[in-house]
Amino acid sequence: MSPSSDPAAAVLLRVDDVVVEYPRKGQPPMRALAGVSLEVAPGEIVGIVGESGCGKSTLARAVTGLAPAHSGSVSFRGARIGALGRRRRDSDLLPLQMVFQDPNASLNPRRTVGAQIREVVVARDRAHGVRHPRRSPEAAREAAEALRRVGLPDGAADKYPHEFSGGQRQRAAIARALASRPEMIVADEPVSALDASAQAAVANLLRDLSREEGIALAFISHDLAVVGALADRVVVMYLGRVVETGAVEEIWNAPRHPYTRALLAAVPVPDGRGARPEALAGEVPDPGSPPPGCRFHPRCPLAVDRCRTDEPVLLRAPGAAAESEVACWVAQASGPAPGGV
Ligand code: ADP
Ligand code: MG
């Protein structure tokens with residue numbers, strides 16, 4: 001077997017049956033992730049989708065070590081990630097960087113963006129035994145290059161975060177993440193707070209950086225239209241679990257899980273007529289006390305008796321591509337998906 005065909009070599013990030021719980025006063029803990037597994041290959045773009053509250057941010061935090069796993073494990077390049085990323089200085093050095101919905105979460109409002117990026121460059125080099133002089137021209141050059149790389153104009157280094165537009169500020173946060181020379185970026189709703197034109201531009205920037213620099217990207221979004229335009233593969237989450245995963249083309253053309261179908265049906269169509277009518281009904285239940293059986297069954301138009309008692313696991317459905325899996329009794333029992341919604 002050649003090295004490139006060794007499946008273990010093709011995994012950069014491995015999330016294995018991770019459970020994350022938040023303590024709650026006077027109640028059982030909130031189980032925000034109820035056993036999630038996924039793998040990301042080097043340079044791959046994985047879109048993670050699902051309604052608000054399904055655990056997307058918790059997954060991002062577990063992957064970057066910001067939320068400790070109650071059970072299960074996360075490994076990056078074969079090494080376990082514990083709570084390593086908890087302190088800001090440590091997390092700057094990780095080859096796995098996080099980009100947040102609010103760029104202010106990673107930028108200090110009281111310092112110029114250039115100073116903040118130089119600081120990451122200096123800390124990164126120090127971790128490798130390279131010391132910079134106090135006003136390192138090399139660090140300054142690298143910071144300017146990172147800002148240029150994300151499409152910010154000359155002079156951006158001398159500005160404070162509040163002097164930028166929302167889209168520019170997110171670009172600056174991405175430049176700061178790039179300065180640590182990451183192998184992977186986890187971007188949690190990175191465009192959701194931006195206006196429509198900045199949304200597409202920043203999403204395209206992340207895609208281009210991933211493609212051109214070989215940086216793996218986990219792009220988390222509740223907006224399936226953005227994810228469809230960007231990702232190689234998609235992971236659909238519902239109530240702390242993965243319910244479907246596969247190549248974007250396969251899932252977009254032939255979604256198998258009724259939840260995925262409902263999410264796709266709710267995406268506004270490009271001709272501007274708005275969402276199609278079969279959009280998802282009902283509310284997301286409390287993840288702290290999920291319904292028995294399949295978590296989706298109270299909202300599912302296809303639910304049968306078994307769905308109310310037995311929880312389905314992710315399995316390849318009949319006729320599905322090798323990397324596609326769905327956690328649905330009905331989809332697993334039926335033949336190839338009819339194609340489209
Ligand atoms: P998403 O990003 O998909 O909207 P989150 O991961 O933020 O979902 O949240 C998943 C669930 O965990 C939600 O029900 C949310 O209310 C709950 N949750 C998130 N953070 C906390 C916390 N710090 N303490 C308690 N519950 C939390
Ligand atoms: Mg979130």
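A residue counts as buried when its relative accessible area is under 20%, as exposed when that area is over 50%, and as partly exposed in between. The exercises below concern a predicted model.

**Exercise 1.** State whether Glu250 and Arg256 are buried or exposed, and give the separation of their closest N and O atoms.

Solution. Glu250 and Arg256 form a salt bridge, with the closest N and O atoms 3.4 Å apart. Both residues are buried.

**Exercise 2.** Classify the two partners of the salt bridge between Glu142 and Arg181, and locate them in the chain.

Solution. The closest N and O atoms of this pair are 3.5 Å apart. Glu142 belongs to helix 4 (residues 137–149) and Arg181 to the loop between helix 5 (166–178) and strand 7 (184–188), so the salt bridge ties together parts 39 residues apart in sequence. Glu142 has 22% relative accessibility and is therefore partly exposed. Arg181, at 54%, is exposed. Both residues also belong to a salt-bridge network with Arg124 and Asp125.

**Exercise 3.** Determine which strands stand at the edges of the sheet, and why one side of each lacks a neighbour.

Solution. The open sheet has 7 strands in the order 6-7-8-3-9-10-11, with mixed pairing. Strand 6 (96–99) and strand 11 (325–326) are at the edges; each has a single partner strand, so one side has no neighbour in the sheet. Strand 11 pairs with strand 10 (residues 241–247) in the antiparallel sense over 2 bridges. Glu244 has Val326 in strand 11 as its bridge partner. Helix 9 (residues 258–265) packs on the sheet, touching strand 3 (45–49), strand 9 (233–238) and strand 10, and its direction makes about 105° with that of strand 9.

Notes: Residues numbered from 1 in each chain as written. Chains lettered and ligands numbered in written order. Predicted model: local features only at pLDDT ≥ 70, side-chain atom pairs only at ≥ 80, totals over all residues. Heavy atoms only, no water. Pairing = 2+ DSSP bridges. Helix = DSSP H or I, 4+ residues; strand = E, 2+ residues; numbered from the N terminus. Contact = heavy atoms within 4.5 Å. Axes fitted to C-alpha atoms, helices over the stretch in contact; angles between N-to-C directions. Salt bridge = Lys/Arg side-chain N within 4 Å of Asp/Glu carboxyl O. Buried < 20%, exposed > 50% of the residue type's maximum accessible area, 1.4 Å probe, protein only.
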